[in-house]
Amino acid sequence: MSTPLTFAREPHRRGMVRVESWWGRAFLRAIEELAYDANQLSGARSLARSGRIGGLVVEAGRFAAAVDDELGLWTVTGTVPVLSADDVAALSEVLGASAERAEALLVGELPLDVAEHAEEAGVELVPYGDELAVTCTCGHWHAVCGHSLAVLHQLCWTVDRDASVLLHLRGAEREELLGRLRKALPRNRDDGSAAAETAAPGEATRDQVDDVEIALDAVLRARHLLAE
C-alpha cells in the first residue's frame, strides 16, 4: 500500500509561479489540455496562487486537496494510472545505470536522459491530459471545474520542486526504487577485494548508492522545508 505524502498549504503568491523543470512543464501542458477555455485556466491559476488550497495529499495513483473559496469548502480528488511492476523494474534499471542518476533521485531531480531511456523501455513518466481524472464536490457542470484545475496547478508546482513526488504518484515510491537499486547493484566484499561482478566506470555500486543516500537525504528534506 502506498504511503501518502502530505504537503502544507501553498502561501499566497502575488505573481505567476514559474515551472522550471522539464517534467513540471510536461505536467503543466497535461493540465492545460483539460481546461475548456483560457478564462477558466486563468481563474484556476489565480485560485491556486491565493493560498486557499490546503492539505494536498499524494499517494500512488491518487491525490486530493481542499479548496476554500467565497462559496464554500470543496474537496477535489483525482487519479492517474500507476506504473506496472514491470515498468517500475525497468525504471529502476534506468536509474541504476549511473551513480549520478541515483543521486539526482535523492535530491528530487529527474535527468532528461532518464525519461528518454525509460520511454525507450515503454515507460511514460508524466501522465497525459486524458489520464488525469478529477472530481470536485462543487458539482460544476463541466467535467473539470476551476477548483480541480487549481489543485492540479498546486500538484504541478509540488512535482516541479521534487520529481520523486511525480514518481510516487505514478506508483514508484522513492524508497522502493532505492531498495531495488541496493539489491541490484554489486557490493564489495568485506575483505576489501573486488566483487566478482564489478561496476563499469561511471556505474553506481551499492556502496555508492548507500553513501549518496546518507549524504543527500538531508538535502532533500531541507528543500521540502524551504518550499513550505
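Two strands pair if DSSP finds at least two bridges between them. With that in mind, let's walk through this predicted model, starting from its sheet.

**The sheet**

Strand E2 (residues 53-59) and strand E3 (residues 62-69) run antiparallel and are joined by five bridges. Within this stretch, Ile53 stands opposite Val67 in E3. The wider picture is an open sheet of five strands, ordered E1-E2-E3-E4-E5 with antiparallel pairing. Strand E1 (5-7) and strand E5 (133-136) form the edges, each pairing on one side only. From one strand to the next, the twist averages 15 degrees.

**Helix H6 and its neighbours**

Across this sheet lies H6, which spans E1, E2, E3, strand E4 (72-79) and E5 and runs at about 65 degrees to E2. H6 (residues 146-161) also meets helix H1 (residues 22-32): their axes come within 9 Å and cross at roughly 170 degrees. Angles over 145 degrees count as roughly antiparallel, so H1 is roughly antiparallel to H6. On the H1 side, the contact is made by Trp23, Gly24, Phe27, Leu28 and Ile31, while H6 contributes Leu149, Leu152, His153, Leu155, Cys156, Val159 and Asp160. By character, the residues of this contact divide into nine nonpolar, two polar and one charged.

**Salt bridges**

How many salt bridges does the structure hold? There are eight, and three of them are set out here, with the distance between the closest N and O atoms.

| Acidic residue | Basic residue | N to O distance |
|---|---|---|
| Glu20 | Arg18 | 3.7 Å |
| Glu32 | Arg45 | 2.7 Å |
| Glu59 | Arg62 | 3.4 Å |

The bridge between Arg45 and Glu32 ties together parts that are 13 residues apart in sequence, because Arg45 lies in helix H2 (residues 38-49) and Glu32 in helix H1. Both ends are partly exposed: Arg45 has a relative accessibility of 23%, and Glu32 has 31%.

Is Arg18, the partner of Glu20, buried or exposed? Arg18 counts as exposed, at 65% relative accessibility, whereas Glu20 is partly exposed, with a relative accessible area of 47%. In the pair with Glu59, Arg62 is partly exposed as well, with a relative accessible area of 41%.

Finally, Glu10, Arg13 and Arg161 are linked in a network of salt bridges. Arg161 brings us back to H6, whose range is residues 146-161.

Terms used: Residues are numbered from 1 along each chain as its sequence is written. This is a predicted model: local features need pLDDT of at least 70, side-chain atom pairs count only at pLDDT 80 or more; totals for chains, interfaces and linings use all residues. Side-chain values use heavy atoms; hydrogens and water are left out. Axes are lines fitted to C-alpha atoms, for helices over the stretch in contact, and angles run from 0 to 180 degrees between N-to-C directions. Helices (H or I, at least four residues) and strands (E, at least two) are DSSP runs, numbered from the N terminus. Angles under 35 degrees count as roughly parallel, over 145 as roughly antiparallel, 65 to 115 as roughly perpendicular and the rest as oblique. Contact means heavy atoms within 4.5 Å. Ala, Val, Leu, Ile, Met, Phe, Trp, Tyr, Cys and Pro count as nonpolar, Asp, Glu, Lys and Arg as charged, and the others, Gly among them, as polar. A salt bridge is a side-chain nitrogen of Lys or Arg within 4 Å of a carboxyl oxygen of Asp or Glu. Buried means under 20% relative accessible area, exposed over 50%, partly exposed in between (1.4 Å probe, protein chains only).
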